[in-house]
Amino acid sequence: MELDYHPELRDLTIRRPQLKLLEDVPLPDWVVDNWETVKNFQAKPDDLLIATYPKSGSTWMQEIVDLISQNGDVEMCKRAPVYYRVPILEFFSDNNLPTGIELIEKMASPRMIKTHLPIQLVPKSFWEQDCKAIIVARNAKDSLVSYFHFHRTCHLVPEPGAWREFFQRFMNGKVNRGSWYDHVKGWWEAKDKHRILFLFYEDIKENPRREILKVAEFMEKVLEEDVIEKIVHLSSFKVMKDNPMANYTTLPTGIMNQNISRFMRKGEVGDWKNHFTVAQNEDFDEHYERQMGHSSLKFRNVL
Ligand code: PPS
């Protein structure tokens, strides 16, 4: 089912952004041009931030967090598309979609906010207010594959170019939101300084119930057994992919053309094996070791 959530944008194909550097991090020009507004955003102490590198399971976590806060009430969680229920802090575009901050400012507390910003660009007010943050990190190879397909479909990011070009740009950190390596290491290092719950996509896949319980505890919510079961079910890939309020089909094709690739594409661990050549995998592993070898942040082996 496709809901007509943005009738005014139905026939529009929006301009893709250029990337501009902000403190050496490539971001869409719309974001950089509105940076003062993002930087000066005033967080409230009970705001909950969900932070991920793109394509690492943020939508999944948005749905989980909303389901927890609504005590598993499926109808309440269908009140609006996920990008309205948990807006993206730094979202700006050059059409009349509401900005992330406009949406957040209309929300009742406690507010749930998503960001793909690296830690150093997160507005200071979040830490001044001692806000909690949930991080989801996904292994680099699957993030890269998912990001490539997303660029093919979504006009809110630049054209991907050919796979081999995108592959190089990702390794060099020349993609929207910058280096995957710096992003995950930055949040990892911050986890002991702030109230941060650091989770892995692969762990949620392995045992969603266990990870959902960690999130509920972090949110200080006690859930009945049947509610936990409901949340596990409603946040599964199978259910979310057919839920128009979670799968982005509410966006017109001029913004996200899901005929090219679905937003809920595969939702698997290890899909990179269907994309990387043997030579690419060797290059990637060697580069990965140089970037991550010294870090205590270890991803599950997806070789
Ligand atoms: S975005 O656009 O950056 O906000 O994307 P993000 O939501 O962070 O990541 C999208 C990928 O997460 C997958 N996904 C899921 N996987 C498993 N279970 C559930 N419920 C789920 N929901 C979303 C989604 O399919 C994208 O991964 P790929 O590998 O492309 O399928």
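So, which residues in α3 are buried? Hold that thought while I set the scene.

What we have here is a predicted model. The protein chain carries 14 helices and six strands. On overall dimensions, the C-alpha atoms fill a box of roughly 50 × 45 × 40 Å along the principal axes. The radius of gyration is 18 Å, and a compact globule of 303 residues would come out near 19 Å, so the two agree.

Now, the inside. Of the 303 residues, 59% are buried. If you take contacts between residues at least 6 apart in sequence, 74% of them join residues at least 24 apart.

And the outside: the chain exposes about 13,700 Å², with carbon and sulfur atoms supplying 50% of that. As for charge, there are 41 positive and 45 negative side chains, and the centres of those two sets sit 2 Å apart.

Okay, back to α3, which runs over residues 58-69. At 1.5 Å a residue, its 12 residues should span 16 Å, and the end C-alpha atoms are indeed 16 Å apart, so that agrees.

Here's the answer to my opening question: S58, T59, W60, M61, Q62, E63, I64, V65, D66, L67 and I68 are the buried ones. Buried here means under 20% relative accessible area. That makes 11 of the 12 residues, so the helix is largely enclosed by the rest of the structure. Notice that the buried list includes E63 and D66 along with W60 and I64.

One last thing, just past the end of the helix: N71 takes a positive phi, about 55°. Have a look at that spot when you open the model.

Methods. Residues are numbered from 1 along each chain as its sequence is written. This is a predicted model: local features need pLDDT of at least 70, side-chain atom pairs count only at pLDDT 80 or more; totals for chains, interfaces and linings use all residues. Side-chain values use heavy atoms; hydrogens and water are left out. Helices (H or I, at least four residues) and strands (E, at least two) are DSSP runs, numbered from the N terminus. The radius of gyration is taken over C-alpha atoms; the globule rule is 2.2 Å times the number of residues to the power 0.38. Buried means under 20% relative accessible area, exposed over 50%, partly exposed in between (1.4 Å probe, protein chains only). Contact means heavy atoms within 4.5 Å. Accessible areas come from the Shrake-Rupley method with a 1.4 Å probe; for residues, only the protein chains shown count as cover. Lys and Arg count as positive and Asp and Glu as negative; His and the chain ends are not counted. The place of a charge is taken as NZ of Lys, CZ of Arg, CG of Asp or CD of Glu. The expected span of a helix is 1.5 Å times one less than its number of residues.
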